[in-house]
2 protein chains.
Amino acid sequence: MLTEKLAQACPDLCIDTDPDVLQSHGRDWTRFREPQPAAVVFPANLRQVVKLVKAARQLELALVPSGGRTGLSGGAVAAHGEVVVAMDRMRRVLEFDPVDRLLTVEAGTVTAAVQSFARERDLFYPVSFAAEGSASIGGNIATTAGGIRVLRYGLTRDRVAGLKAVDGRGRVLELNRGLVKNASGYDLRHLLIGSEGTLAIIVEATLRLEPTPPPSAVLLLGVTSMPVILDLMAELRKGFSLSACEFFSAEAMHMVCKARALRQPMDSDPPFYLLVEFDLPSEQSEALLERAAAVLEYAIERGWAVDAVLAQSQLQASELWAYREGISEAASAHTPYKNDLSVRLSRMPAFLSALEEATRRSFPQFQVLWYGHVGDGNLHMNVLKPADLDTVEFERMCKELSREHYELTARFGGSISAEHGIGLLKRAFLAQARSEAEIALMRGIKQVFDPDGILNPGKLL
Amino acid sequence: MLTEKLAQACPDLCIDTDPDVLQSHGRDWTRFREPQPAAVVFPANLRQVVKLVKAARQLELALVPSGGRTGLSGGAVAAHGEVVVAMDRMRRVLEFDPVDRLLTVEAGTVTAAVQSFARERDLFYPVSFAAEGSASIGGNIATTAGGIRVLRYGLTRDRVAGLKAVDGRGRVLELNRGLVKNASGYDLRHLLIGSEGTLAIIVEATLRLEPTPPPSAVLLLGVTSMPVILDLMAELRKGFSLSACEFFSAEAMHMVCKARALRQPMDSDPPFYLLVEFDLPSEQSEALLERAAAVLEYAIERGWAVDAVLAQSQLQASELWAYREGISEAASAHTPYKNDLSVRLSRMPAFLSALEEATRRSFPQFQVLWYGHVGDGNLHMNVLKPADLDTVEFERMCKELSREHYELTARFGGSISAEHGIGLLKRAFLAQARSEAEIALMRGIKQVFDPDGILNPGKLL
């Protein structure tokens with residue numbers, strides 16, 4: 001019924017109520033809620049989004065913006081009769097300027113398409129993560145996606161030079177317009193970045209591209225404990241320009257090797273792996289490789305590392321990256337409960353120890369994979385569902401575990417969501433992450449942007 | 001009277017009503033308003049700031065946060081009986097961690113002190129600008145100060161990993177706590193950055209330091225026109241890693257040479273100068289200098305440049321920088337009316353032509369100095385007051401000129417304040433910079449953070 005009224009109000013809008021589409025477009029990569037949207041709409045342009053928001057206001061319809069649906073916190077899940085606003089038809093490149101190195105795209109554009117567009121013009125879009133082949137730019141911005149190149153290039157937040165968005169009153173906001181410097185009042189662009197569709201629907205983004213980085217080498221180290229990873233990083237930072245610094249546990253390595261039928265890269269079976277990528281410009285290649293050998297020798301002498309593999313070619317490098325990049329997919333068969341925590345780098349070893357201990361104590365039966373972007377202090381935890389446990393009970397137990405983990409996170413001054421957002425799944429824990437005053441201010445801001453509460457209600461706040 | 005009530009409410013707060021202090025602390029570097037604060041207070045710690053804000057709320061006192069008072073838009077001017085909150089006593093270093101490369105300081109800490117602190121630990125704080133010897137970190141954040149290293153390192157905004165601040169209700173906000181990644185709700189830190197003291201009083205900041213950059217060389221080029229500066233930059237970007245890219249007009253060069261009794265660096269007198277700084281790591285120094293010579297030859301052949309001076313030593317480099325860095329001071333004797341505009345880099349030449357033409361047409365009697373951070377699309381305009389014109393009339397004429405310039409800025413998609421903020425002087429022009437919807441949202445946000453309007457009223461909004 002409401003769908004019919006919406007169709008009347010927005011006669012040129014593509015509205016779909018096919019059960020398959022409701023299923024596919026009513027959720028993201030999380031599997032803890034059944035999708036139940038009233039409809040999925042596919043706006044084709046800004047004008048249609050404006051009209052849709054104005055109609056939704058009048059009809060009191062809740063709108064759930066939806067990009068590539070690869071979210072891991074349920075931010076794009078429509079489980080309560082909402083209207084999903086799918087950006088599948090808004091994937092055009094709108095503008096590119098090689099002098100400014102700015103690329104303007106519609107919000108539904110896939111991350112990998114932006115990477116390709118840049119590469120073809122001898123430029124580089126550095127945001128890169130497992131879901132880049134499906135995740136949309138709008139979704140990246142809504143959760144300020146991070147990934148594996150944050151160490152050098154920062155987050156999606158740092159790439160956004162301009163945003164066009166529609167607020168909860170249907171007003172078009174055109175924010176920052178691609179400028180480097182703009183100190184003319186509150187930076188609403190940064191407020192929308194990371195707001196998970198609760199303040200405005202992002203329609204277009206202007207992204208800053210980078211020069212193509214120099215050639216690089218990838219070094220995979222088998223390390224003896226978490227604390228020595230920091231020592232190793234400190235050594236490596238002295239002599240190399242690092243562009244990525246990832247870690248993962250032996251369990252994660254085993255699971256990837258099994259899922260992808262890969263051979264383990266080393267004869268030994270160290271408890272942790274550290275993967276670093278560093279610049280290797282051809283004119284310095286010899287000197288840098290000698291330096292790498294020296295650091296490795298030093299690390300083995302000190303008992304930090306047991307073995308290492310160095311990749312210089314593109315092919316070898318992607319083989320080493322496969323061990324790290326395959327983890328999330330390998331885990332997905334086990335309905336993983338994911339936490340995405342961050343602390344300051346210096347606190348990471350003690351934090352991981354505390355998390356591991358709490359997990360062992362409360363839920364010794366759980367298998368947990370640890371991995372993450374150690375260079376940024378970002379730790380991904382995947383609790384694997386035991387095959388004989390049902391999903392509802394598993395989620396309940398994981399929430400209990402999460403509560404403990406989030407208390408530890410607060411004690412270590414960290415964040416309960418580093419790059420996945422709060423969405424639906426972490427909403428109950430927001431008060432563990434943000435103070436009462438901050439939450440009150442956030443609610444006030446929400447009210448200012450979306451007085452009728454039609455934009456992604458029940459998410460984040 | 002109010003001052004006495006304030007003293008009663010905050011018995012341990014240092015309150016000063018000495019006329020000299022009211023004069024010195026009631027204004028910034030602008031000279032268009034007479035300072036008339038009711039009092040200047042010097043809080044010593046966070047607790048006193050909280051108490052002060054709560055008292056100000058009850059007593060309906062307006063508070064003007066004040067750092068190094070080097071602002072150029074009147075953001076820290078107290079001309080209507082406000083209480084100035086001077087951060088002079090809050091200049092302590094609170095925490096430093098070499099692994100995280102994070103430095104936490106009180107808001108009154110001087111920018112140059114942060115630079116020194118970093119240098120002494122073999123690290124680097126890249127924000128650098130003319131007033132760095134007086135400007136405070138809190139003030140930098142309130143206006144998101146830019147300066148000469150934005151090209152590589154970004155703005156003050158990009159340095160701030162954490163903020164502690166007191167909102168208009170006297171609530172302490174502790175934002176982001178030094179994390180790299182934190183996707184747990186709206187990023188209030190970024191909302192406070194650039195808010196010019198209108199949303200909260202910044203009390204502490206956690207700043208991200210960088211590794212010491214490699215040795216560099218400085219090249220000063222005499223160029224034949226503004227458009228060729230972009231061609232030159234494009235050539236230079238191909239072969240060099242640029243860390244700064246500044247330009248200034250012949251008039252600016254003449255004024256600096258006169259004020260500082262310097263010799264002009266070249267025999268010729270080109271209409272524009274381009275100053276670039278680029279990395280010169282010792283192992284590549286020979287190759288890079290050869291490359292620089294080749295680019296220069298190419299530029300002269302093409303008629304882009306007429307002459308150039310290259311500085312390799314620190315001393316020579318600072319001599320060349322002096323021509324650029326001395327402009328603001330040299331102009332200050334002439335009560336300059338300053339505009340601080342930015343556009344996308346690619347639009348800069350056409351934008352400057354349009355501005356020059358408008359100025360010549362409307363006020364042919366004015367002498368205008370042009371200079372700025374061309375790498376960031378940031379143009380500083382200094383209109384010099386003719387000696388025989390009184391200040392009030394001069395300001396009126398400049399505002400008329402500004403209105404024309406801001407119209408052009410809007411037409412070129414630019415910003416009317418790149419790095420100086422809106423403050424008092426540009427407030428009347430906000431509607432030329434931001435849309436009606438944006439201003440309405442900003443007012444709403446102001447209301448959420450400061451419901452009684454006690455924080456820097458009459459500034460920005």
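This is a short dialogue on reading the chain contact and some side-chain pairs in a predicted model.

User: Let's start with symmetry. What rotation superposes chain B on chain A?

Analyst: The idea is to look at the angle and at the shift along the axis. Here a rotation of 180° with 0.0 Å of shift along its axis does the job, at an RMSD of 0.0 Å. The two copies are therefore related as by a two-fold rotation axis. Both copies use the same surface, too: 100% of the contact residues of chain B recur in chain A.

User: Okay, and how many residues does the contact take from each chain?

Analyst: Chain B puts in 77 residues and chain A 78 residues. For area, chain B and chain A bury about 6,000 Å² between them, with 55% of that on carbon and sulfur atoms.

User: Which residues in chain B lose the most area to chain A?

Analyst: Look at B:K181, B:Y186 and B:R344; together they make up 17% of what that side buries.

User: Now the polar side of things. How many salt bridges does the rule find across the interface?

Analyst: A salt bridge here needs a Lys or Arg side-chain nitrogen within 4 Å of an Asp or Glu carboxyl oxygen. Between chain B and chain A, 9 of them turn up. One of the pairs joining the chains is A:R157 with B:D187, at 3.5 Å from N to O. A:R157 sits in the loop between α6 (150–153) and β8 (160–167) of chain A, and B:D187 in the loop between β9 and α7 of chain B, so this pair joins two chains. You'll also find A:D187 meeting B:R157 in a salt bridge, again 3.5 Å from N to O. Polar contacts between chain B and chain A come to 40 residue pairs, both residues at pLDDT 80 or more.

User: Which element gives the most to the side of chain B that touches chain A?

Analyst: That's α16(B), with 10 residues. Elements giving two or more residues there include β5 (93–97), α8 (226–239) and α16 (436–449) of chain B. By class, this side has 30 nonpolar, 25 polar and 22 charged residues.

User: Last one, on rings. How many aromatic pairs does the structure hold over all chains?

Analyst: There are 20 over all chains. To read one, check the distance between ring centres and the angle between planes. For A:F247 and A:F272 the centres are 6.0 Å apart and the planes at 45°, so the pair is tilted. A:F247 belongs to strand β13 (residues 242–249) and A:F272 to strand β14 (residues 272–279) of chain A, so the pair ties together parts 25 residues apart in sequence.

Technical notes. Residues numbered from 1 in each chain as written. Chains lettered and ligands numbered in written order. Predicted model: local features only at pLDDT ≥ 70, side-chain atom pairs only at ≥ 80, totals over all residues. Heavy atoms only, no water. Least-squares fit on C-alpha atoms with pLDDT ≥ 70 in both. Contact = heavy atoms within 4.5 Å. Buried area = accessible area lost by both parts, 1.4 Å probe. Polar contact = N/O pair within 3.5 Å; in protein donor to acceptor, adjacent residues only side chain to side chain. Helix = DSSP H or I, 4+ residues; strand = E, 2+ residues; numbered from the N terminus. Nonpolar A, V, L, I, M, F, W, Y, C, P; charged D, E, K, R; others polar. Phe/Tyr/Trp six-rings, centres within 6.5 Å; stacked < 30°, edge-to-face > 60°.
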